Structures are given as C-alpha cells and as structure tokens.
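Trainee: Could we go through this model together? I should like to begin with the cysteines and then turn to the helices.

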Amino acid sequence: MWAELLPVGRSASSGGYRRFAWNSADAECRAWFEQQARDRGLGYELDRNGNQWAWLGDPAAGDAVVTGSHLDSVPDGGAFDGPLGVVSSFAALDELRARGAAPARPLAVVNFGDEEGARFGVACIGSRLTAGVLDRESAHALRDADGVRLPDAMERAGQDPAAIGADHERLARIGAFVELHVEQGRHLTEDRPVGVASAIWPHGRWRFDFHGEANHAGTTRIEDRRDPMLTYATTVLAARKKAKLAGALATFGKVAVEPNGTNAIASLVRGWLDSRAADEATLAALVEEIGRAADERGTRDGVRVELTRESYTPVVDFDGPLRDRLAARLGGVPVLPTGAGHDAGILASAVPTAMLFVRNPSGVSHSPAEHAETADCLAGVAALADVLEDLACQ
C-alpha cells in the first residue's frame, strides 16, 4: 500500500507532495482508497462532504469504531502526515482478520477530505463540515489562490457542493474514533515507538493585510515611502519574539505581495499567521500583542493594517476514559499533548475520540524530510490493531 501511494502527487523538483483538495493528485488518492476498500470486500461510501468511508459491518447498526486520517498534504509536505494513518488503518483491519478476531461492533476506515487546508485556507474542511463547525455558506465562500471557489472545485471533481453540511446522523453512529498519526515533534524515546495523545493545543490562522502605496523603487525617496513590506517584516520579527516570551508558537508561513514587482514598492502585503499555545488565554493575548505591534509599526510607516481571523480551534482534551483505556491496553505508553491540529480534534466535541502517535526520529514534519522507520510504523499498526480489537471485538 505504501509503495502504491508514494509517487502520487510528488514533486520531482522538491521531493515533497502537492496533494491539494480536489486536484488530480487528490483524485488519485481517492481512487486508491476506494480500491483498498473494494479489495477487502468492505462497504464503500462517499459522504455528502467528500469524506470516504470503508465499512466492515453494517453502518446503520451504530456504536461503530472508526479509524483513519487524511491523504491530502501541505505544499511540498512529507509522505507520512495523513497517509500513515490511512494505510495503518487498512493494515490493522488486515491484522485483525489474520488474528481471527470477530468484531461485535461495526468497524470503519475514513479518509477525511481537505484536512490540511492547503488550497482553500481552512484546515479540516471535511470534518468541520461533518461536525457542523463550518457551515455551508462559509464553505461556499472559500476561494483558492487562483480565485477558484470551493463549490466549483468540488463540482468539477464530481462532488455535489449543494449537499455539503452538518452530518449529525452519521456522527451519531460512531461510538469511538481513533486516529493514528506520525508524531510531529520528537518526544517519543528510543524504546517508545508509540504514544497516546492527551490534548491538542488551541490554534488558529489569522490574515494580516498591510495596505501601503505602490511607487517606483528607483525614484521614490525613502522618507516619501509608505512601504507595507517594512511593516510586514517588523511584524514577523515581533511575532517570533512575543511567542518566545509567552512559551507559545507564531509562524508567518505564507505571504502574497501586490503588485509583486522587483522595481516597485508594494501596495499590499498579505501575510498569514499560524499561532498556537498551551491554553486559549495565552493564545488570545499573543495574537492581540502581535496585532498591536503591527498597528504601531504601521502608524510609523504610513501603512494601514487589517487583521482577520480565518479559522480557530479551541483546546481539545481527548476523551479521558478512552485515552486511559488505550494507554492501559498498550502497556502504559507515553501520553503526550500536541500542538498540531487533526480531524480527531474536530470530532472530539461530538464523539469519544483518541489518537495514537508513531515515533518521528527527526521531529520534522510538513516537509519532504518527514520520516518514520518501518519498524516503528509496523509497531503502530500492531498497536492500532490491539486497540481496535479491544474496542470492537469484546
């Protein structure tokens, strides 16, 4: 399975992946998922929000145990973030069958669509729509960098955009959701290839619009300039400093410039901030401080600053009894928090949810250098199979 997925959407120049929502690479990944389901005799289903489901047992029976993750990527992302969870889920079902385990509850593998938000700017769109966290009107208003509307992209890919929205009936069928994911950090030790998640830090995305004045780079005096690039650059530095002081995280990882000419002073710089903290109060205070720093510098530069929150996920504490049950079943593995968002975090408000992490020796993620050793991946499959057997086959 891993070898089949490896070349899909991979850039020959960077070695990273460009599997964005509703593009051709995404379609290949979806076709792969459907084939895996059919090869195993599982019931295949595509829901109203573009999420894929592979069922062992009757979905309508309820109290299902669901596992899975996502197959899309960030720009030039790594091979493991998302796909490891989906591949491991199918492999864990194979392991259960090899053990002769007889599920007493329905089991399912899911591929949630557009988890990374790389194309339309909002993370976890598939699970957010399903949980009702993102409404249809807001989703229909989303556009990618080329101005393509989300509903148009979905329609071109054969999905009905008019049908998207909260799917409470589906969520009511789920008794537990367990997502396996490569660790995005380096906290698991050499003798601990698998861990259990305790919580997800609150996090969000904010857009800063720095409005200046376009002018000639070669004829405009320094004192006559209203250069938004200066305000943006100072804000980036301020974000780093304030995040470090707060024990939090702040990253400007995406920027757009108009008119984007080498010999022109920019009229607009648009920067996207990703910020995360251990608690919501710290995060709110940090973003407010960064915004204040941008305003203060903008006043000096003659630049107007607009700040817009594009997405936000509050702190997620995973279901305590389920978390403890997983940790006990796996022999007291480490229980650790994460700063990364996941579909499991979105679903946690609606169904009992837990996560397993597989060791990442470098700690690098969202990069072609992302890696997990084969032995650790297989340990993750065995752990997931143990968990599914404990939850569904008793």
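Mentor: The cysteines come first, then a helix pair, then a methionine. This is a predicted model, in which local features need pLDDT of at least 70, side-chain atom pairs count only at pLDDT 80 or more, and totals for chains, interfaces and linings use all residues. Residues are numbered from 1 along each chain as its sequence is written, and side-chain values use heavy atoms, with hydrogens and water left out.

Trainee: How many disulfides are there?

Mentor: The count is zero, a disulfide being a pair of cysteine sulfur atoms within 2.5 Å.

Trainee: Why does C29 form no bond?

Mentor: Its closest cysteine sulfur, in C124, is 17 Å away, which is too far for a bond.

Trainee: Is C29 buried or exposed?

Mentor: C29 is buried, because its relative accessibility is 1%; buried means under 20% relative accessible area, exposed over 50%, and partly exposed in between (1.4 Å probe, protein chains only).

Trainee: And what about C393?

Mentor: C393 also counts as buried, at 18% relative accessibility.

Trainee: Turning to M229, where is it?

Mentor: M229 lies in helix α8, residues 228–246; helices are DSSP runs (H or I, at least four residues), numbered from the N terminus.

Trainee: Which residues does M229 touch?

Mentor: Leaving aside residues up to four places away in sequence, M229 touches V257 and V269, where contact means heavy atoms within 4.5 Å.

Trainee: How accessible is M229?

Mentor: M229 is partly exposed, with a relative accessibility of 33%.

Trainee: Finally, what is the handedness of the crossing of α3 and α12?

Mentor: That crossing is right-handed, meaning that the near helix is turned clockwise from the far one by less than a right angle.

Terms used. Helices (H or I, at least four residues) and strands (E, at least two) are DSSP runs, numbered from the N terminus.
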